[in-house]
Amino acid sequence: MILINLLPHREAARKRRRDAFNTAMLGSMLLGGLIACGVYLWYQSQIETQQGRNQFLKTEITRLESQIKEIANLESEIAALRARQKAVEDLQSDRNLQVHLLNELVRQLPDGVYLTDMKQLEQTVTLKGSAQSNERVSELLRNLGTKAPWLSKPQLVEIVAGTVNLSPRDQRRVANFTISVHLLRSSEMQAATATPGAAAPAARP
């Protein structure tokens, strides 16, 4: 017996293929959405992790900057304390400098030289006086430069001719001079005497 299919089999086949295609498209869309969602979530997790690291670094940097400021403050305080300590030590070691200065001037002042004024500004001493001649002034400069351990760098600032009245009828020509000389601190004196070939040290305070 011969059976004849009078149903629209071509339409049914096309419908099946269309349904399969739609199902595959929907599955692909769902799979693509899941993949995109997974990638988004992964990137979001990486971003949050990196943001956490950045926040941690910012916190550590802030803490380190605070520590650096504290260290800088401590260093400035230490430097100030050292400066005050050095000032106290200098005062203690230099308390006899004026005695050394007067002793050296008494020893090195040649005959015929008279001091009329003496001023000290820090370590620079300015001497003013009169001498019987320019040669006496030169001798004083040599003595201060070579024979006075506590004095150094004598310089002739000024020398002018003048007169002095010994009596109403007796006038003498003199050389009025101004000399500056450096008074060594005790620490400078110790450093100078510790140098090889230095002169024998003078009496220390």
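**Questions on the structure**

User: Which side chain meets that of Asp-19 in a salt bridge?
Analyst: This is a predicted model, in which local features need pLDDT of at least 70 and side-chain atom pairs count only at pLDDT 80 or more, while totals for chains, interfaces and linings use all residues. Residues are numbered from 1 along each chain as its sequence is written, and side-chain values use heavy atoms, with hydrogens and water left out. The structure holds three salt bridges (Lys or Arg side-chain nitrogen within 4 Å of an Asp or Glu carboxyl oxygen). In one of them, with N to O at 3.2 Å, the side chain of Asp-19 meets that of Lys-15.

User: In which helix do Asp-19 and Lys-15 lie?
Analyst: The two residues are four apart in the sequence, about one turn of the helix. Helices here are DSSP runs of H or I with at least four residues, and strands are runs of E with at least two, numbered from the N terminus. Both residues belong to the helix that covers residues 9-93, and that helix is H1.

User: Why is the pair of Trp-42 and Tyr-43 edge-to-face?
Analyst: A search of the whole structure finds one aromatic pair (Phe, Tyr or six-membered Trp rings with centres within 6.5 Å; planes under 30 degrees apart are stacked, over 60 edge-to-face, the rest tilted). In that pair, Trp-42 and Tyr-43 have ring centres 5.0 Å apart. The pair is edge-to-face because its planes stand at 75 degrees.

User: How many bridges join strand E3 to E4?
Analyst: Strands pair if DSSP finds at least two bridges between them, and strand E3 (residues 151-167) forms a hairpin with E4, with two residues between the strands. Along E4, Asn-176 is the bridge partner of Val-160, and Arg-172 stands opposite Val-164. The two strands run in the antiparallel sense, and their bridges number 13.

User: Which residue of E4 stands opposite Thr-124?
Analyst: Strand E2 (residues 124-131) also pairs with E4 (residues 170-183) in the antiparallel sense, over eight bridges. Facing Thr-124 in E4 is His-182.

User: Over which residues is the pLDDT below 50?
Analyst: The mean pLDDT (the predictor's confidence in each residue, from 0 to 100) is 82, and 87% of residues reach 70 or more. One stretch below 50 still has 19 contacts (heavy atoms within 4.5 Å) beyond near neighbours in sequence. Where pLDDT is low, the predicted coordinates should not be read in detail. That caution applies to residues 197-205.
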